[in-house]
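Please find below a short note for a first-year reader, set out as numbered points. It is best read with the structure open alongside.

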Amino acid sequence: MSFDSLGLSAELLRAVAEEGYTEPTPVQAQAIPVVLQGKDILAGAQTGTGKTAGFTLPLLQLLNQHAQGKGHRAVRALVLTPTRELAAQVAESVETYGRHLPLKSTVIFGGVKINPQIEKLRHGVDILVATPGRLLDHVQQKTLDLSKVEILVLDEADRMLDMGFIHDIRKILALLPQNRQNLLFSATYSSEIKTLADKLLDNPVLIEVARRNTAAETVQQMVYSVDRERKRELLSHLIGSKNWKQVLVFTRTKHGANRLAQQLEKDGLTASAIHGNKSQGARTRALAGFKQGEVRVLVATDIAARGLDIDQLPHVVNFELPNVAEDYVHRIGRTGRAGNEGEAVSLVCVDENGLLRDIERLLKREITKEVLPGYEPDPRIKAEPIQNGRGGDRNSRGRGRQQPAQRPRSDSQKPRVNRAGRSDRVRAEGSAEKSNGNTRVAQSGNTRVVQEKRTHPKTSASTTAAPPSANKRRRPSQRRERASLLGG
Ligand code: AMP
């Protein structure tokens, strides 16, 4: 299928061609014609599927069909995202795809000065991409009018709800005109998402693209068995001996990320850490340095990495395995994107064998294991509880709570929506990913079903084959990290 058959205007087709896209991804093929018809959609699509263009392209076209007259431009399309990084990425896509159209857009999120945002809003924009917290700050300061919104997009709605944005969303919905088009994107269909979808969507068309719960075929995975105290040494050795130029390394904790980045620097490798304790500016700088090749190793926590958009990342290293097996899939999904070869290496010590088994169970396959000569694990070293919370500090090893890694989480353990004020609210994390615009998303052929049913809103979501929502087990420190990574 080509983009030409989707009903997009010449300006948009030109922008798409300039990005090097030759054919629409499954979610684009399904969503674009439906959105162009003005219908609501409920789309089950993860990041990496091309969902951003799936809503941005038709949204731009619809707005351009009814261009605003002279005078102040009102916000006519609002895209809400859970994180700053995702907001920034979506806004970039809006700019990219809309570059041949006379529409204006901007992005607002927390962690940066509000005044420049006020200034941009004052000049008038057609499309606003925002995180909920900062959006409400603007509403409170009366620097934003949402009364003319025609199209609302909730991107990664499950993540927004998962971490307690529901109140902000409700407040925002109350500010929008009743009569509007709603596009809801969510990787999972929890009961909360169904409730929201039932309230929000009118006869939605259901679109479902298969979950990326199996690791991309193009990612070569392997495990190096190594002692926990020798991981850093092995990592430096691998980076140096294999001449890896750009490596994303995952640690379990923020403190672990900091410490590892410092140690790698001592080993003569340029390294930065990125996590929720860093300011927005520091995170942006670290990411920019990494993308430009000035920083060879970026050490990240799962949560911080969710919003990272790095093209064609060749190497991902799990310095420590994640506590939640599904995070492994997210992590290695950072490489091997868009049909490119990628390599995911995990450094696994004796403590992590249970976590490795969990991952293999999820992948339904074994991962090749190797021992590098000179780094053979010492059989005398016994497994220890995996350090939780305060940074995986090896010095405090053993004092930490035993990781409840294998237990599925019950509903009562899920992060609770905080009904208190905004300031102490736990915010959702983001998981947007991007790959090189010159190549296709490695997702084609994964479409399971397009359920183009016209259903009653009350029954719509429940008629969709619901992928099970991930039973994530998050620690309080992870939730705090999320909070600091989010829109604010
Ligand atoms: P998303 O899931 O929206 O974050 O998109 C993932 C990546 O796929 C982004 O880097 C896009 O630039 C890229 N992309 C989106 N649509 C296409 C397409 N039709 N062909 C190739 N790449 C695409």
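**Notes on the predicted model**

1. K382 lies in the loop that links β14 (368–370) to β15 (447–451). Is K382 buried or exposed? K382 counts as exposed because it has 7 C-beta neighbours inside 10 Å, and the cut-off for an exposed residue is 12 or fewer. The C-alpha atom of K382 is separated by 9.8 Å from that of C349, although the two residues are 33 residues apart along the chain. The reader should keep in mind that the structure discussed here is a predicted model.

2. As an overview, the protein contains 17 helices and 15 strands. Of its 488 residues, 49% are buried. Among contacts with a separation of 6 or more, 79% are between residues 24 or more positions apart.

3. Residues 1–29 carry two annotations in UniProt. The record, an unreviewed entry, places there the feature "domain: DEAD-box RNA helicase Q". The "short sequence motif: Q motif" is likewise placed by UniProt at residues 1–29, again from an unreviewed entry. In the model, this stretch is 45% helix and 0% strand, and the C-alpha atoms at its ends are 8 Å apart.

4. Strand β1 (residues 41–44) is covered on both faces. I41 and A43 lie on one side, L42 and G44 lie on the other, and all are buried. Which strands pair with β1? One is β6 (residues 181–186), which runs parallel to β1 and is joined to it by four bridges; here A43 stands opposite F185. Another is β7 (residues 205–209), also parallel to β1 and joined to it by four bridges; within this pairing, I41 has V205 as its bridge partner.

5. Strand β2 (residues 77–80) may be read in a similar manner. A77 and V79 point one way from the strand, L78 and L80 point the other way, and all are buried. β2 pairs with β4 (residues 127–130) in the parallel sense over four bridges, and V79 has V129 of β4 as its bridge partner. β2 also runs parallel to β5, to which four bridges join it; L78 stands opposite L152 of β5.

6. The largest nonpolar core has 70 residues. Which residues have the most contacts inside this core? They are I41, V129, A130 and L184. Helix α4 (residues 84–97) supplies the largest share of the core, seven residues. I41 and V129 have already appeared above, as the bridge partners of V205 and V79 respectively. A130, leaving aside its neighbours within four places in sequence, is in contact with L78, L80, A87, V107, I108, F109 and L135. Two of these contacts, L78 and L80, point the same way from β2. Apart from this core lies another, of 43 residues, which includes A271, I274, L287 and V299.

7. Helix α9 (residues 191–200) offers a useful exercise in reading a helix by its sides. Its buried residues are I193, L196, A197 and L200. Why are these residues said to be on the same side of α9? They cover an arc of only 100° around the axis, and therefore they lie on the same side. S191 and K199, on the other side of α9, are exposed. As a general principle, an α-helix has 3.6 residues a turn, so residues three or four places apart point the same way.

8. Two further loop residues deserve attention for their backbone angles. In general, most residues other than glycine have a negative phi. K142, however, has a positive phi, near 60°. K142 is found in the loop between α6 (132–140) and β5 (151–154), and it counts as exposed because it has 7 C-beta neighbours inside 10 Å. N243 also has a positive phi, near 55°. Where is N243 located? N243 is in the loop between α10 (231–241) and β9 (247–250). With 7 C-beta neighbours inside 10 Å, N243 therefore counts as exposed.

How values were computed: Residues are numbered from 1 along each chain as its sequence is written. This is a predicted model: local features need pLDDT of at least 70, side-chain atom pairs count only at pLDDT 80 or more; totals for chains, interfaces and linings use all residues. Helices (H or I, at least four residues) and strands (E, at least two) are DSSP runs, numbered from the N terminus. A residue is buried if 20 or more other C-beta atoms lie within 10 Å of its own, exposed if 12 or fewer, and partly exposed in between; C-beta atoms are placed from the backbone. The arc is that of the directions from the helix axis to the C-beta atoms. UniProt positions are given in the numbering used here, feature names are shortened, and annotations may be inferred rather than shown by experiment. A nonpolar core is a set of buried Ala, Val, Leu, Ile, Met, Phe, Trp, Tyr and Cys residues joined through C-beta atoms within 7 Å. Two residues are in contact if their C-beta atoms, placed from the backbone, lie within 7 Å. Two strands pair if DSSP finds at least two bridges between them.
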